[in-house]
Amino acid sequence: MTRGHPPSVAINEAELMAKTRGLMVFALEPEGVLPFHFVICDRDCISVVRVRRLKYPGYEVAGIGFSCRNDIAALRAIPVTQEIFRELWVRGPDRCWYRYLVLPGTIEILEERDEPDENNRPEGGVPCAD
């Protein structure tokens, strides 16, 4: 597991982002018991999602593989069937989101630099820098 407290604000933002995209979100209670933060369902596709907040940029696969290695290991340790996916959602200091698919031997970028929606931006949120 990661050190410190879970990134509760980022987890709430990620859940809201998933819901605004029309995904079904299953939040976990209590937080921190399982190695993922919530489950999303998009029709036949089910994913367990772990959220990470980074304080510095570095979103290429190699950088994420290093800076989020403990989170990735926790996701890989979850025994799932081939129908269930493992995702790592990373929020950067600019409040942009980066989504990664965690596979047994590699990581793939699912979505790069998803900007927060103006209507759903938390109080004090700033737009992503171009």
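Strand 3 and strand 4 pair in the parallel sense, over eight bridges. This is a predicted model, so please hear every value that follows as computed from that model. One of the pairs to look at is arginine 53, whose bridge partner in strand 4 is arginine 91. On to the next pairing: strand 4 also joins strand 5, through five bridges, and here the two strands run antiparallel. In that pairing, valine 90 stands opposite tyrosine 98 of strand 5.

How many of the eight residues of strand 4 are buried? Six of them are, so strand 4 is largely enclosed by the rest of the structure.

Let me put that in the context of the chain. The protein chain has three helices and six strands. Starting at the N terminus, the order of elements is α-β-β-β-α-α-β-β-β. The chain has 130 residues, and 42% of them count as buried.

Now the salt bridges. The count comes to five. I will go through three pairs.

Glutamate 13 and arginine 91 form a salt bridge, with the closest N and O atoms 3.0 Å apart. Glutamate 13 belongs to helix 1, residues 8-20, and arginine 91 to strand 4, residues 84-91; the two are 78 residues apart, so to speak distant parts of the chain linked by one pair. Both glutamate 13 and arginine 91 are buried. Arginine 91 is also the residue I named as the bridge partner of arginine 53.

The second pair is arginine 50 with aspartate 71, where the closest N and O atoms are 2.7 Å apart. Arginine 50 lies in strand 3, residues 45-53, and aspartate 71 in helix 3, residues 69-76, so this salt bridge ties together parts that are 21 residues apart in sequence. Are these two residues buried or exposed? Arginine 50 has a relative accessible area of 3%, and because the cut-off for buried is under 20%, it counts as buried. Aspartate 71 has a relative accessible area of 1% and is buried by the same cut-off.

The third pair is glutamate 87 with arginine 99, whose side chains meet in a salt bridge at 2.9 Å, N to O. Glutamate 87 is in strand 4 and arginine 99 in strand 5, residues 97-102, so the pair ties together parts 12 residues apart in sequence. Glutamate 87 and arginine 99 are both buried.

There is also a network of salt bridges, which links Glu13, Arg91 and Arg95.

Arginine 95 deserves a separate word on its backbone. Where is arginine 95 placed? It sits in the loop between strand 4 and strand 5. That hairpin has five residues between the strands, and arginine 95 takes a positive phi near 70° there. Arginine 95 has this positive phi although it is not a glycine. Its relative accessibility is 17%, so arginine 95 counts as buried.

Arginine 43 is another residue other than glycine with a positive phi, in this case near 55°. Arginine 43 lies in the loop between strand 2, residues 38-42, and strand 3. With a relative accessible area of 74%, arginine 43 is exposed.

A third loop residue is tyrosine 56, found between strand 3 and helix 2, residues 61-67. Tyrosine 56 has a relative accessible area of 40% and is partly exposed. From tyrosine 56 to aspartate 94 there are 38 residues in sequence, and the C-alpha to C-alpha distance is 9.1 Å.

Back to helix 3, which holds aspartate 71 of the second salt bridge. In helix 3, Asp71, Ile72, Ala74 and Leu75 are buried. These residues cover an arc of only 160° around the axis, which puts them on the same side of helix 3.

Last, the cavities. The count is one cavity of 30 Å³ or more. The space in the largest cavity is about 30 Å³. Which residues line the largest cavity? They are Leu28, Glu31, Gly32, Leu34, Phe36 and His37. By class, that lining has three nonpolar, two polar and one charged residues.

Note on methods
Residues numbered from 1 in each chain as written. Predicted model: local features only at pLDDT ≥ 70, side-chain atom pairs only at ≥ 80, totals over all residues. Heavy atoms only, no water. Salt bridge = Lys/Arg side-chain N within 4 Å of Asp/Glu carboxyl O. Helix = DSSP H or I, 4+ residues; strand = E, 2+ residues; numbered from the N terminus. Buried < 20%, exposed > 50% of the residue type's maximum accessible area, 1.4 Å probe, protein only. 1 Å grid on protein atoms, 1.4 Å probe; cavity = no way out; pocket = protein on both sides within 12 Å on 5 of 7 lines; lining within 4 Å. Points joined across faces, edges and corners; volume = space filled by probe spheres on them. Nonpolar A, V, L, I, M, F, W, Y, C, P; charged D, E, K, R; others polar. Arc of directions from axis to C-beta. Pairing = 2+ DSSP bridges.
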